[in-house]
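Subject: Structure handover and notes

Hello,

Here is the structure for your files. Please have it open while you read the notes underneath.

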Amino acid sequence: MPDRDRFTHVLVAETFFYDEEYGALGHLSLIDAEARRERYLASFMPEDGSFVVEEATDWEEDAPAEDDEIGYALATDSDDRGHYDTPEGAAEAVLALAREHDLVPSFTLLFEDEAV
């Protein structure tokens, strides 16, 4: 059985991928399940080659309905929390925030033309 902390760290770091051919990138949100909204956002930034963690500062106005596919309010604005040279550095920051605030992850595949 692998070490759970190492397994989790590697898995989170792997979510911060970037596929230049398709312009696809992995985006990880940390969700406050009680408030039902994104609290932190993390992904790779192709423009400068860094991995960024952001703290949500504003959200969609309408609260998500109980039967909403996503189930939480998306952030509409955020502040930089940190830039990292490696996905492992960003993963460590994300895991620390998740533990500190009891947050759950949500993974989304984004395309450069649509977001970031």
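The notes below go from the overall fold to one helix, then to charged pairs and a surface patch.

Please keep in mind throughout that this is a predicted model.

Overall fold

The protein chain contains two helices and six strands. Along the sequence they follow the order α-β-β-β-β-β-α-β. Of the 116 residues in the protein chain, 35% are buried. The protein chain exposes about 7500 Å², and carbon and sulfur atoms supply 46% of that area. Among contacts with a separation of 6 or more, 59% are between residues 24 or more positions apart. One example of two positions distant in sequence that come together in space is L25 and L109: they are 84 residues apart along the chain, yet their C-alpha atoms are separated by 5.9 Å. L25 belongs to strand β2, and its relative accessibility of 0% is why it counts as buried, the cut-off being under 20%.

Helix α1

The length of α1 is as expected: its twelve residues should span 16 Å at 1.5 Å a residue, and the end C-alpha atoms are 17 Å apart, which agrees. Which residues of α1 are buried? They are H9, V12, A13 and T15. Viewed down the helix axis, the buried residues of α1 fall within an arc of 150°, so they line one face of the helix. That set packs against β2, α2 and β6, the last of these covering residues 104-111. On the other side of α1, R4, R6 and E14 are exposed.

Salt bridges

Side chains of opposite charge can pair when their charged atoms come close. How many salt bridges does the structure hold? There are two.

One joins the side chains of D5 and R99, with an N to O distance of 3.8 Å. D5 sits in helix α1 (residues 4-15) and R99 in helix α2 (residues 87-101), so this pair ties together parts that are 94 residues apart in sequence. Both D5 and R99 are exposed.

The other joins R81 and E55, at 3.5 Å from N to O. Here R81 comes from strand β5 (residues 75-84) and E55 from strand β4 (residues 50-59), so the parts tied together are 26 residues apart in sequence. R81 has a relative accessible area of 43% and is therefore partly exposed. E55 also counts as partly exposed, because its relative accessibility is 27%.

Nonpolar surface patch

Which residues form a nonpolar patch on the surface? The patch consists of F17, Y22, F107, L109 and F111, and together they have about 490 Å² of accessible area. Y22 is placed in the loop between β1 (18-19) and β2 (24-32). Is Y22 buried or exposed? Y22 is exposed, because its relative accessible area is 58% and the cut-off is over 50%. L109, another member of the patch, is the residue whose C-alpha atom was paired above with that of L25, at 5.9 Å.

In short, the points to look at in the viewer are the buried face of α1, the D5 and R99 pair, the R81 and E55 pair, and the nonpolar patch that includes Y22.

Regards

How values were computed. Residues are numbered from 1 along each chain as its sequence is written. This is a predicted model: local features need pLDDT of at least 70, side-chain atom pairs count only at pLDDT 80 or more; totals for chains, interfaces and linings use all residues. Side-chain values use heavy atoms; hydrogens and water are left out. Patches are made of residues with over 30% relative accessible area and no salt bridge: like charges are joined within 9 Å, nonpolar side chains (Val, Leu, Ile, Met, Phe, Trp, Tyr) within 5 Å. Accessible areas come from the Shrake-Rupley method with a 1.4 Å probe; for residues, only the protein chains shown count as cover. A salt bridge is a side-chain nitrogen of Lys or Arg within 4 Å of a carboxyl oxygen of Asp or Glu. Helices (H or I, at least four residues) and strands (E, at least two) are DSSP runs, numbered from the N terminus. Buried means under 20% relative accessible area, exposed over 50%, partly exposed in between (1.4 Å probe, protein chains only). The expected span of a helix is 1.5 Å times one less than its number of residues. The arc is that of the directions from the helix axis to the C-beta atoms. Contact means heavy atoms within 4.5 Å.
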